[in-house]
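Q: Please take a close look at a single part of this model, namely a contact between chains. A connected account, with the cut-offs of each term, would be appreciated.

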Amino acid sequence: MFHHILQAQSKYAKCIDDDRLEDWPSFFTDDCLYRVTTADNEKHGLAASVMFADSRAALIDRITALREANIYERHSYRHILSAPVVLSEAAHEVVSETSFLLVRIMRDGVTDLFLSGRYQDKYCVENDRLLLSERIVVCDSSRIDTLLAIPV
Amino acid sequence: MFHHILQAQSKYAKCIDDDRLEDWPSFFTDDCLYRVTTADNEKHGLAASVMFADSRAALIDRITALREANIYERHSYRHILSAPVVLSEAAHEVVSETSFLLVRIMRDGVTDLFLSGRYQDKYCVENDRLLLSERIVVCDSSRIDTLLAIPV
Amino acid sequence: MFHHILQAQSKYAKCIDDDRLEDWPSFFTDDCLYRVTTADNEKHGLAASVMFADSRAALIDRITALREANIYERHSYRHILSAPVVLSEAAHEVVSETSFLLVRIMRDGVTDLFLSGRYQDKYCVENDRLLLSERIVVCDSSRIDTLLAIPV
């Protein structure tokens, strides 16, 4: 199971880094939870989220809105992920946590370390596929809100 | 064995990044060696270490001292690790090397690439658990001494 | 197979980071393709490459030239790799893609995020060894040409 999770994480990252955002919702179950928050908020039990979606349909809407808005100067991302820590493993659900680093590459070529944090995931097995029923993206830094346009 | 090492490495990193420093010594054997040094020192065979401990008890002392001192402005870390290279594997000992990147997040949210290097590890199997009997942290840069307060 | 690829990738990175460049060509087949290009060039189908070699012999020549030239101030690298995405897997060939981050450490200790991108690889199995028959290094940023002296 461990190496299936490892593989699923890399595929997820590749989807975003390849700018195939329309495929991004397909990594989630129909009834999913996707939330982006900060370590400070998480620590103090604050519900405040930078991004929030509670279904795959909402994720699809988000991407549609993002493509239509198109207000951000085009830039690309590169995810670098550590191996996940598997926290629990049952027949149909795996809970894991994965450290990530997000590098941002601006159009003029300037590359910077944009964001770091951890994915808190619940993966479930549906028809031999691993899907995210929950992904909480906990960003290490609190200075992220205005910058995040595309999914992490 | 490879994926057990991979998993152990991620758990170690998570322990530090979660600020559960009191659990950190539990990743080591009683008679362990933990040393932080630089690539230059290592290359020239210099014994000089930025940190040195030769037992789990010494690691525990270090954390106690660190918590009591508390002189550093609070910041957090994020480890990003490549997969280990397994250099040798025997019944009870695995020698491996792992590249790491350490990102530091200051209280004001500023994130920087703090440290890079490699873990030179000896893992041994005790009661079905993988424990570090030796971890030499070789930092790529020589400019590290005054900055390192918490374990790597 | 997945974890063999994972292991091979780490060994490749270690070879360069340890400055054992003379061993670098041994990761490739005799008739290999090694190319370094940018995401922009790749997207627009441009053949322009920052580096190009179509045999192991050419890779060996390149290292010899690099060692003799020796015009660059000495610095070192640290590769950090995500787990590969396996795109296809046949009896003797595995096609995969791996995200990488390259950190550069100058002699004075200054560490910077130097390069990010993806390896587009074809691995083939020869005598129980995994060798690269093709590695296309696609750099995310377009500002790389004058800086790249050593292999990625």
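A: Contact here means heavy atoms within 4.5 Å. The model is predicted: local features need pLDDT of at least 70, side-chain atom pairs count only at pLDDT 80 or more, and totals for chains, interfaces and linings use all residues. Residues are numbered from 1 along each chain as its sequence is written, chains are lettered from A and ligands numbered from 1 in the order written, and side-chain values use heavy atoms, with hydrogens and water left out.

The part chosen is the contact of chain A with chain C. Chain A contributes 21 residues to this contact, and chain C contributes 22 residues. Together the two chains bury about 1700 Å², of which 58% lies on carbon and sulfur atoms; buried area is the accessible area (1.4 Å probe) that two parts lose on being put together, summed over both. On the side of chain A, 33% of the area buried against chain C is supplied by K14(A), R78(A) and I80(A), more than by any other three residues.

Two of these residues also take part in charged pairs. The rule finds 2 salt bridges across the interface of chain A and chain C, a salt bridge being a side-chain nitrogen of Lys or Arg within 4 Å of a carboxyl oxygen of Asp or Glu. K14(A) and E97(C) meet through their side chains in a salt bridge, at 2.9 Å from N to O. Between chain A and chain C, 10 residue pairs are in polar contact, both residues being at pLDDT 80 or more. A polar contact is a pair of N or O atoms within 3.5 Å; within protein, one must be able to donate a hydrogen and the other to accept it, and residues adjacent in sequence count only if both atoms are side-chain atoms.

The side of chain A that touches chain C draws at least two residues from each of α1 (2-17), β3 (75-81), β5 (93-106) and β6 (111-126) of chain A. Helices (H or I, at least four residues) and strands (E, at least two) are DSSP runs, numbered from the N terminus. The largest share of that side comes from α1(A), with 7 residues. By class, the side of chain A that touches chain C comprises 8 nonpolar, 6 polar and 7 charged residues; Ala, Val, Leu, Ile, Met, Phe, Trp, Tyr, Cys and Pro count as nonpolar, Asp, Glu, Lys and Arg as charged, and the others, Gly among them, as polar.

R78(A) has a partner within chain A as well. D17(A) and R78(A) form a salt bridge in which the closest N and O atoms are 3.9 Å apart. This pair links distant parts of the chain, with D17(A) in helix α1 of chain A and R78(A) in strand β3 of chain A, 61 residues apart. Over all chains, the structure holds 42 salt bridges.

Two of the contributing strands also pair with each other. β5(A) and β6(A) run antiparallel and are joined by 13 bridges; two strands pair if DSSP finds at least two bridges between them. These strands form a hairpin with 4 residues between them, and G109(A) in the turn has a positive phi of about 95°. The bridge partner of S99(A) in β6(A) is R118(A). R118(A) also stands opposite V138(A) in β7(A). β6(A) pairs with strand β7 (residues 129-139) of chain A in the antiparallel sense over 10 bridges. The hairpin of β6(A) and β7(A) has 2 residues between the strands, and N127(A) takes a positive phi near 50° there.

How the chains are related can be stated through superposition. A turn of 120° and a shift of 0.0 Å along the axis lay chain A on chain C with an RMSD of 0.0 Å. Such is the relation of a three-fold axis. Copies are superposed by least squares on the C-alpha atoms of residues with pLDDT of at least 70 in both. S82(A) is the residue of chain A that comes closest to the rotation axis, at 3.7 Å (C-alpha). Chain B can likewise be laid on chain A by a turn of 120° and a shift of 0.0 Å along the axis, with an RMSD of 0.0 Å.

The contact of chain B with chain A takes 21 residues from chain B and 21 residues from chain A. There, K14(B) forms a salt bridge with E97(A), the closest N and O atoms being 2.9 Å apart.
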